[in-house]
Structure formats: C-alpha cells, structure tokens
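Biologist: I should like to learn how to read the features of a structure that is new to me. May we go through it together, one feature at a time?

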Amino acid sequence: KEILFATSNQGKARELKEAFKKAGVDVEIKTNADLDNPPHPIESGHTFETNAKIKAHELADFSKMPTIADDSGLMVDALNGEPGVRSARYAGEAHNDAKNNAKLLAELGGVPEDKRTAKFWTTIVVSMPGKFDKDLVVSGTCSGRILALPQGEDGFGYDPLFYVPEKGKTFAQMTTDEKNEISHRGRAVEKLLQELPAWLAQ
Ligand code: ITT
C-alpha cells in the first residue's frame, strides 16, 4: 500500500513518516521527491485548509495515488497573527528558513518576552483521486513563545525560535519523536490516524 505525501518539505516528511511508523501503520509514504516532474501547486488560498486542498488535489490528480497534504504556519500574537498562511514566503518568495527567521526576529525587535506568544497550526487533508468531495480534514495546534535568539540544531523552519514552556526547550532541541508528541503536526497526525481506517473503508 502506498500513499503520497504531497510535500517538498523534507522536515514535514520526516515527522509524518516517523509518526506513521511509531503507530505501526503499514503503508509506504512517497513524497514529491519520488515523482517525475511533479506539479508545483500555487498556494493562492487564504486559509490553511484551502491551501492543503490545493496541494492534495493537484498531486492526487497527477499521481493517481491517495494523497496527503499539510499546510501549516506560525501565528504570532504581537504581529496580529502574522506570518500565518504566508509563513513559507514571509521574507520573500523563496523558502528560506534563515531569512524567514531573521525577519521574524526583526519584526519582534523590542517586544518583551511575555508578549512573544505564538502558535503553530497545521491542517492536513487526505484526498482520494476523483473523490475530492470525500476529503478527510484534520488540524492541530501548539502554543509557545518566540525566543530572541535561536536555540537548537534539529527540526526545520521556525523550530529554533519556537520555545515550548511545558518542555523547557525549543522544537529544534527536541528529537522528531518528542516534537511529534506535542506539536501541531503530531496532534493533527494523531487525529488523522484515528479517522483514517473508517475513511478508507467508506
Ligand atoms: P509544502 O507546501 O511543500 O508541504 P512548505 O514548506 O511550503 O512545504 P507550507 O506552505 O505549509 O509548507 O509552509 C509552512 C511554513 O511554516 C514553512 O516556512 C515551514 O518552514 C514553516 N513550518 C511549518 N511547520 C513547521 C514546524 O513544525 N516547525 C517549524 N516551521 C514550520
């Protein structure tokens, strides 16, 4: 059994693969990197759900495989919820984690620690080719705080700046497994795994 994870983000792929493996799900996960000349969907929506559906539908049409897509982002309270759905292209059009993190720190310059609250959000959509009216949609969130200096080497994206008070460390200081236990994506995948068997059986 194969399923496509419609992503070009290797960090997301690593987390989802590890969560599926830990749950003992017997399915092989492919990503865009395993496809020949996959399309690059334009994420023109204004919500995580719309953008996740754009990715899931375009790649399901292309691959003819059951397809998962993840659209996620960081919402910072002191920035009125920015960068939100624009998290990947916050500092420009390219996916550049270093530039995005630098911009986030610059925008938050002078904001005191207790006002740097933020949350990550993920919406995951699973689509069956030709049956987009039956999409499975789940979401997950995780609350934390944006540090003034990066901490940790693991993870991806905004992880070195995202501090989780309950754990006393950033996402980038956690193993993939530890991050999955509390992260927006880990929580969404947990719901996904609860709902997937019934969805596949319908
Ligand atoms: P795909 O669309 O190919 O899946 P992407 O990186 O473009 O990959 P998004 O459009 O969902 O993904 O953009 C999400 C942005 O938020 C991107 O800059 C990520 O680095 C960041 N992000 C998402 N989840 C994250 C996480 O768990 N930790 C840190 N940063 C994260």
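Modeller: Certainly; please bear in mind that this is a predicted model. A suitable start is the right-handed crossing of α1 and α5.

Biologist: At what angle do helix α1 and helix α5 pack, and how far apart are their axes?

Modeller: In general, a pair of packed helices is described by two quantities, the angle between the axes and the distance between them. Here helix α1 (residues 10-22) and helix α5 (residues 184-201) pack at about 40 degrees, and their axes are 10 Å apart. The two helices are therefore oblique to each other.

Biologist: Which residues of α1 and α5 meet?

Modeller: From α1 come Lys12, Glu15, Leu16 and Ala19, which meet Arg185, Gly186 and Val189 of α5. This contact is made up of 3 nonpolar, 1 polar and 3 charged residues.

Biologist: Is lysine 22 buried or exposed?

Modeller: Burial is judged by counting neighbouring C-beta atoms: 20 or more within 10 Å make a residue buried, and 12 or fewer make a residue exposed. Lysine 22 has 15 others within 10 Å and is therefore partly exposed. This lysine lies in helix α1. Its C-alpha atom is 8.7 Å from that of aspartate 177, although 155 residues separate the two along the chain.

Biologist: Which residues come nearest to the ligand?

Modeller: There are 24 residues around the ligand, and Thr7, Asn9, Ser87, Ala88 and Gly157 come nearest. Two elements, β3 (67-76) and α3 (97-107), each give two or more residues to this shell. The largest share, 4 residues, is that of β3. By type, the shell divides into 5 nonpolar, 11 polar and 8 charged residues.

Terms used
Residues are numbered from 1 along each chain as its sequence is written. This is a predicted model: local features need pLDDT of at least 70, side-chain atom pairs count only at pLDDT 80 or more; totals for chains, interfaces and linings use all residues. Axes are lines fitted to C-alpha atoms, for helices over the stretch in contact, and angles run from 0 to 180 degrees between N-to-C directions. Angles under 35 degrees count as roughly parallel, over 145 as roughly antiparallel, 65 to 115 as roughly perpendicular and the rest as oblique. A crossing is left-handed if the near helix is turned anticlockwise from the far one by less than a right angle, and right-handed if clockwise. Two residues are in contact if their C-beta atoms, placed from the backbone, lie within 7 Å. Ala, Val, Leu, Ile, Met, Phe, Trp, Tyr, Cys and Pro count as nonpolar, Asp, Glu, Lys and Arg as charged, and the others, Gly among them, as polar. A residue is near a molecule or strand if its C-beta atom, placed from the backbone, lies within 6 Å of it.
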